[in-house]
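Me: I'm new to this structure and would like a close look at a single part of it. Could you pick one spot and walk me through how it sits in the whole?

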Amino acid sequence: VTYVLTGACYITPQNHGYALDSKTLPPGWKELFVNANDGSNEGVMHEELPYFSAQFHPEARCGPTDTAFLFDAFTQAIDETRAGGKF
């Protein structure tokens, strides 16, 4: 998958038979990850709120750890929200 914010590409395990059509995203949402093979959506993020998703296995342990930064982003969003800041 390609991380839209940086352009970095990661090898990730997939196991889904559906995809979100990014053209149907409501206002305030944008793509976060795109499948480098077929261009399908692999994750979205909200532009203002601390919400994001990954439609693949980010694998923190036992497997690849390339996208473990997603867990850091998640805990950072929680900390900043609790402190009254923005994501």
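Reply: Among contacts with a separation of 6 or more, 38% are between residues 24 or more positions apart. Keep in mind that this is a predicted model. The protein has 1 helix and 3 strands, and along the sequence they come in the order β-β-β-α. Out of 87 residues, 24% count as buried.

Let's zoom in on serine 22. You'll find serine 22 in the loop between β1 (2–3) and β2 (29–34). Its relative accessible area is 28%, so it counts as partly exposed, between the 20% limit for buried and the 50% limit for exposed. Leaving aside residues up to four places away in sequence, serine 22 touches Glu31 and Asn41. Glutamate 42 is 20 residues along the chain from serine 22, and their C-alpha atoms are 9.6 Å apart.

Glutamate 42 also leads us to another spot, since phenylalanine 56 touches Glu42. Other contacts of phenylalanine 56 include Val1, Phe33 and Leu70. Those three, together with phenylalanine 56 itself, belong to the largest nonpolar core, which has 8 residues in all. Tyr3, Tyr10, Leu32 and Met45 complete that core. In soluble globular proteins, nonpolar side chains tend to be buried together.

Now for the helix: α1 covers residues 69–82, and its 14 residues reach 20 Å from the first C-alpha to the last, close to the 20 Å expected. After α1 comes glycine 84, with a positive phi near 90°.

As for the outside, the protein exposes about 5800 Å², with 55% of that supplied by carbon and sulfur atoms.

Notes:
Residues numbered from 1 in each chain as written. Predicted model: local features only at pLDDT ≥ 70, side-chain atom pairs only at ≥ 80, totals over all residues. Heavy atoms only, no water. Helix = DSSP H or I, 4+ residues; strand = E, 2+ residues; numbered from the N terminus. Buried < 20%, exposed > 50% of the residue type's maximum accessible area, 1.4 Å probe, protein only. Contact = heavy atoms within 4.5 Å. Core = buried A, V, L, I, M, F, W, Y, C linked by side-chain atoms within 4.5 Å. Expected span 1.5 Å × (residues − 1). Areas by Shrake-Rupley, 256 points an atom, 1.4 Å probe, with all protein chains shown as cover.
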